[in-house]
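Thanks for coming. I will walk through one structure this morning, starting with its pocket and then moving on to the rest.

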Amino acid sequence: MQPRPTIIEIFSTFLQFQGDRFSHWATESRLRRSIQRCLQQTTKNTTENFWVIYWYKSWEVAETKFLAQQHLTAYLQEACYWSSQKTVANFLSTQYKISDCFQIAIAQVNKVLQGFNPNYSSSLKSYASIVFGNAIREYCRQVGEVDICTDWGLLRKTSQRRFHDALKNAGLSADTINTYIVAWQCFKTLYIPQPGNCRQLAPPDEQIWQAIAQMYNTQTRSKVNPQTLENWLLTAATAVRKYLYPRKDSLDYLPGVDLPGTEPASLIDGIIAAEEAQTRAGVQMQINRLLGDTITQLEPQLQKILQLYYSQQQNQNVIAKQLDIKQYTVSRRLTTAKTILLRTVVNWSRNTLHISVNTDLLTSMSPVIEEWLQKYYSIST
């Protein structure tokens, strides 16, 4: 892939594919004019990271959110591409190409920005790579499950939360969603497949449909026939399948919307001051030291599992055989290690930075721990 040499190109161009290979960088003229105007407002020799933080702070402001997200989407093109390439290489069974995975991942930019915290993560690209990779793997897992399930098997396996979200995503009204949920609950209660036969589940027979209709009508005090219930559930199954298997819209092209101009110069001045103070660098150094010390205090087997998994990049089955333990034990031990590291950072943040711990903070920090482990063991090797 041809690197982008200038700040203007980094924040205003988008990767284009030819087949399944990189073709060229396409310039979005509105973004190019935007970053040019910003550069003209400061005489300082600004760095790439300076503009990452600038646009990230702009993204946090409602008035400039759209413009900032488009600039950061351009910036994350390489991270998305390399995450897609790595996933395709590691999962040879996937039906998707690099270009497919790229589109799946780049749709997660908003999720990346919502979870990113510059006080904890070393870089936006590193953090995004973790989120992109997880998104691609989860998508492939979901689609694989969707592809091998019949409509009835899919309805049996889906959760109520996912069922509800799929119907809402399909644009159904709240009353219709509630009606479908009751019908689906009656279906799950009365149509219980034989063990091991859920994925290829056949439609209920006439007797079961009659029982489902009777249960539904008793609960809702209505008179709905079995055929109507079957049509409702088939509609719901289609909605669930589409929800888990969405159409991959390209984000390479930005719609012809007039983007707002540049932000107040005071924001640039504020970022310059923060960058010069190097506060974030100091915090990051302390966290790195803290986590490194925590790793050395883990029990030997746990350190060994982390070494094999992150440094030697062995999968859990290989590690289990080497250490003569079960695969699920390896999985649990990895989770335990991450939990210990997360708890360590949370406690340090509360006691040192006086940051209150909440669910959003924990959610944003979990991928950061994964990012830190990958970087820590890559440096160690």
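Let me begin with the residues that line the largest pocket: 10 of them are nonpolar, 20 are polar and 7 are charged. Please keep in mind that this is a predicted model. The volume of this largest pocket comes to about 1400 Å³. Its lining has 37 residues, and those closest to the centre are K86, R137, Y309, E370 and Q374.

Which helices supply at least two residues each to that lining? They are α5 (77-90), α8 (124-148), α16 (300-311), α17 (316-323), α18 (327-353) and α19 (359-380). Of these, α19 gives the most, with 8 residues.

Staying with α17 for a moment, this helix contains Q316. Is Q316 buried or exposed? Its relative accessibility is 19%, and the cut-off for buried is under 20%, so Q316 counts as buried. Leaving out residues up to four places away in sequence, Q316 touches Y309, Q327, V330, S331 and L334. Y309 is also one of the residues closest to the centre of the largest pocket.

After α17 comes a loop that leads to α18, and D324 sits in it. D324 is not a glycine, yet its phi is positive, at about 60°. With a relative accessible area of 70%, D324 is exposed.

There is another residue of this kind. R221 has a positive phi of about 55°, and it is not a glycine either. The loop that holds R221 runs between α12 and α13 (226-244). R221 is exposed, at 82% relative accessible area.

On the other side of α12 (206-220), the loop from α11 (174-190) holds D205. D205 is partly exposed, with 43% relative accessibility. Between D205 and Y191 there are 9.4 Å in space, C-alpha to C-alpha, and the two are 14 residues apart in sequence.

Now to the interior. The largest nonpolar core has 46 residues, and the members that touch the most others are F11, W51, W55, V112, L124 and F132. A second core, separate from that one, has 30 residues, including L201, I212, A213 and Y216.

What does L124 contact, once its neighbours within four places in sequence are set aside? The list is V52, L72, Y75, L76, V112, L113 and F116. Two of those names, L72 and Y75, belong to helix α4, where both are buried.

Helix α4 covers residues 65-75, and 9 of its 11 residues are buried, so the rest of the structure largely encloses it. Besides L72 and Y75, the buried residues of α4 are L67, A68, Q69, Q70, H71, T73 and A74.

Last, the aromatic rings. There are 20 aromatic pairs in the structure. One of them joins Y81 and W82 in an edge-to-face arrangement, with 5.0 Å from centre to centre and 80° between the planes. How do the two partners compare in exposure? Y81 is buried, with a relative accessible area of 7%, whereas W82 is partly exposed at 43%. Y81 and W82 also belong to a cluster linked by ring pairs, together with F17 and F102.

That is the end of the tour. Any residue I mentioned can be found on the display by its number.

Note on methods:
Residues numbered from 1 in each chain as written. Predicted model: local features only at pLDDT ≥ 70, side-chain atom pairs only at ≥ 80, totals over all residues. Heavy atoms only, no water. Buried < 20%, exposed > 50% of the residue type's maximum accessible area, 1.4 Å probe, protein only. Helix = DSSP H or I, 4+ residues; strand = E, 2+ residues; numbered from the N terminus. 1 Å grid on protein atoms, 1.4 Å probe; cavity = no way out; pocket = protein on both sides within 12 Å on 5 of 7 lines; lining within 4 Å. Points joined across faces, edges and corners; volume = space filled by probe spheres on them. Nonpolar A, V, L, I, M, F, W, Y, C, P; charged D, E, K, R; others polar. Core = buried A, V, L, I, M, F, W, Y, C linked by side-chain atoms within 4.5 Å. Contact = heavy atoms within 4.5 Å. Phe/Tyr/Trp six-rings, centres within 6.5 Å; stacked < 30°, edge-to-face > 60°.
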